[in-house]
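Here are some short exercises to work through with the structure open beside you. Try each task before you read its solution.

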Amino acid sequence: YADERLPPASLTKMMTAYIASERILTGNLKMTDMVPISEKAWRKGGSKMYVRVGTQVKMEDLLRGIIIQSGNDASIAVAEYIAGSEEAFADLMNKTARQMGMNGTHFQNATGWPAEQHYTTARDLAILARHIIYDHPEDYAMYAEKEFTYNDIRQPNRNTLLWRDSTVDGIKTGHTEEAGYCLVTSAKTDDIRLVAVVMGTNSEKERAAESQK
């Protein structure tokens, strides 16, 4: 099952955030960059950070909006800022996936919005998780934050294991009708770190229970 191609839903945003962190690390982007919010980003349905069209939002806030709030609007804004368009950003996502050896993955957007040729595998997400943890340790700390308030709207991290298990420090939830309830988790005790990828469960409760197992 590790190599079965599945729709990743918002687990996609792990790659969106990874690319942003990579650009910050190389100096191509700064956490303080002010990113314009397009109509496309603002209009996108699903989970949102609630950024306003025509405004500019700090990159650091958008990153938290992607990681903690799973904002589709934040993901598209960052994609457009980095690559000019979400389509061009998807090319960058696929190139990065190939470089990491994520051989069962193809991305079509920055959010995980359902699309026919948008898929990944549990194994590939585990590879991506390791890169997120070890390539950008400072940014990885954001994945453990339990809530983020933007625009006076406070949203909790959807990863309920952060409250339940003190060893858990990430990573990302996902849910669409097609993908079911998904969760990529990482936990660390002493000098051992584990990553678990659970996809296609029937409820938030089930994905948390299966991940904790």
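Contact here means heavy atoms within 4.5 Å. The model is predicted, so to speak of local features a pLDDT of at least 70 is needed, side-chain atom pairs count only at pLDDT 80 or more, and totals for chains, interfaces and linings use all residues. Residues are numbered from 1 along each chain as its sequence is written, and side-chain values use heavy atoms, with hydrogens and water left out.

**Exercise 1. The nonpolar core**

Task: Find what leucine 128 is in contact with, leaving aside its neighbours within four places in sequence, and then place leucine 128 in its core.

Solution: Start at the side chain. Leucine 128 touches Met14, Met15, Tyr18, Met100 and Met102.

Next, widen the view to the core. A nonpolar core is a set of buried Ala, Val, Leu, Ile, Met, Phe, Trp, Tyr and Cys residues joined through side-chain atoms within 4.5 Å; buried means under 20% relative accessible area, exposed over 50%, and partly exposed in between (1.4 Å probe, protein chains only). The largest such core holds 53 residues, and Met14, Met15, Leu62 and Leu128 have the most contacts inside it. Among the elements that give two or more residues to this core are helix 1 (13-25), helix 6 (122-135) and strand 6. Helices (H or I, at least four residues) and strands (E, at least two) are DSSP runs, numbered from the N terminus. Helix 1 gives the most, with seven residues.

Finally, look for a separate core. A second one has five residues, including Leu161, Leu162, Leu183 and Ala208.

**Exercise 2. Helix 6**

Task: Which residues of helix 6 are buried, and what span should its 14 residues have?

Solution: The buried residues are Ala122, Asp124, Leu125, Leu128, Ala129, Ile132 and Ile133. Their cover includes helix 1, helix 5, helix 7 (137-140), strand 5, strand 6 and strand 7.

For the span, take 1.5 Å times one less than the number of residues. That gives 20 Å for helix 6, in agreement with its end C-alpha atoms, which are 20 Å apart.

**Exercise 3. Two packed helices**

Task: Describe how helix 4 and helix 5 pack.

Solution: Axes are lines fitted to C-alpha atoms, for helices over the stretch in contact, and angles run from 0 to 180 degrees between N-to-C directions. The angle between helix 4 and helix 5 is about 80°, and their axes are 8 Å apart. Helix 4 is therefore roughly perpendicular to helix 5 (under 35 degrees is roughly parallel, over 145 roughly antiparallel, 65 to 115 roughly perpendicular and the rest oblique). At the interface, Ile76, Ala79, Glu80, Ile82 and Ala83 of helix 4 meet Glu86, Ala88, Phe89 and Leu92 of helix 5.

**Exercise 4. The sheet and its hairpins**

Task: Trace the open sheet of three strands.

Solution: Two strands pair if DSSP finds at least two bridges between them. The order is 5-6-7, with antiparallel pairing. Strand 5 (168-176) and strand 7 (192-201) each have a single partner strand, so one side of each lacks a neighbour in the sheet.

Now follow the pairs. Eight bridges join strand 5 to strand 6, with glycine 174 partnered by cysteine 182. Strand 6 (residues 180-189) also pairs with strand 7 over eight bridges.

Last, check the turns. Three residues make the hairpin link from strand 5 to strand 6. Between strand 6 and strand 7 there are two, and aspartate 190 takes a positive phi near 50° there. Aspartate 190 is exposed, at 74% relative accessible area.
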